[in-house]
Amino acid sequence: MVRREQYERLERHLRSDGRQRIEMTFAEVSAVIGAALPRSAFDYQAWWATDPKHTQAVWLDAGYQARPNLTAQRVTFTKTADG
């Protein structure tokens with residue numbers, strides 16, 4: 001199980017990158033957090049949702065929304081209007 005602290009590495013990565021649009025493979029996200037993503041990240045769009053109650057949704061704290069492509073195993077982080 002991935003801990004919140006590991007997901008915070010992704011938040012720091014997104015903040016330091018700062019681009020309007022950041023595309024990453026699921027493997028790249030795993031490398032940043034230092035752990036494998038859970039199976040649900042590969043199977044469910046909802047895992048990438050904009051629900052701040054989700055432990056992994058650190059992209060919201062960095063000012064991004066996540067748009068996954070489960071088939072391609074890629075995610076696009078896009079800055080929100082207030083991000």
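# Exercises on a predicted sheet and its two helices

In the hairpin of β2 and β3, four residues lie between the strands, and Q73 among the hairpin residues takes a positive phi near 55°. The model is a predicted one, in which local features need pLDDT of at least 70 and side-chain atom pairs count only at pLDDT 80 or more, while totals for chains, interfaces and linings use all residues. Residues are numbered from 1 along each chain as its sequence is written, and side-chain values use heavy atoms, with hydrogens and water left out.

Helices (H or I, at least four residues) and strands (E, at least two) are DSSP runs, numbered from the N terminus, and two strands pair if DSSP finds at least two bridges between them.

**Exercise 1. Describe the setting of Q73 and its backbone angle.**

Step one is to place the residue: Q73 belongs to the loop between β2 and β3. Step two is to recall that most residues other than glycine have a negative phi. Step three is to compare: Q73 is not a glycine, and yet its phi is positive, at about 55°. Step four concerns accessibility, where buried means under 20% relative accessible area, exposed over 50%, and partly exposed in between (1.4 Å probe, protein chains only). Q73 counts as partly exposed because its relative accessibility is 38%.

**Exercise 2. Work out the strand order of the sheet and the way its strands pair.**

Begin with the general idea that strands of a sheet pair through backbone hydrogen bonds, either parallel or antiparallel. Here the sheet is open, has three strands in the order β1-β3-β2, and its pairing is antiparallel. The edge strands, each pairing on one side only, are β1 (21–25) and β2 (64–69). Neighbouring strands are turned by 20° against each other on average, direction ignored; axes are lines fitted to C-alpha atoms, for helices over the stretch in contact, and angles run from 0 to 180 degrees between N-to-C directions.

Next, take the pairs one at a time. Between β2 and β3 (residues 74–79) there are six bridges, and the two strands run antiparallel. A66 stands opposite F77 in β3, and N69 has R74 in β3 as its bridge partner. Between β1 and β3, five bridges make an antiparallel pair, and R21 faces T78 of β3. Finally, the faces of β2 can be told apart, since Y64, A66 and P68 form the covered face, while Q65, R67 and N69 form the uncovered one.

**Exercise 3. Determine how α1 and α2 pack against each other.**

Two packed helices are described by the angle between their axes and the distance between the axes. For α1 and α2, the angle is about 110° and the axes are 7 Å apart. Angles under 35 degrees count as roughly parallel, over 145 as roughly antiparallel, 65 to 115 as roughly perpendicular and the rest as oblique, and α1 is therefore roughly perpendicular to α2.

The last step is to list the residues that meet, where contact means heavy atoms within 4.5 Å. From α1 come Q6, Y7, R9, L10 and H13, and from α2 come V29, V32 and I33. This contact has five nonpolar residues, two polar and one charged (Ala, Val, Leu, Ile, Met, Phe, Trp, Tyr, Cys and Pro count as nonpolar, Asp, Glu, Lys and Arg as charged, and the others, Gly among them, as polar).

**Exercise 4. Is L10, a residue of this contact, buried or exposed, and which residues does L10 touch?**

First, L10 lies in helix α1. Second, L10 counts as buried because its relative accessibility is 1%. Third, leaving aside neighbours within four places in sequence, L10 is in contact with M24, V29, V32, I33, V58, W59 and F77. Fourth, although L10 and V32 are 22 residues apart along the chain, their C-alpha atoms are separated by 6.0 Å.

**Exercise 5. Examine the surroundings of S30.**

S30 is found in helix α2 and, at 15% relative accessibility, counts as buried. Not counting residues up to four places away in sequence, S30 touches A35, A36 and L37. A polar atom of the S30 side chain lies 3.3 Å from the backbone nitrogen of L37.

Conventions
A polar contact is a pair of N or O atoms within 3.5 Å; within protein, one must be able to donate a hydrogen and the other to accept it, and residues adjacent in sequence count only if both atoms are side-chain atoms.
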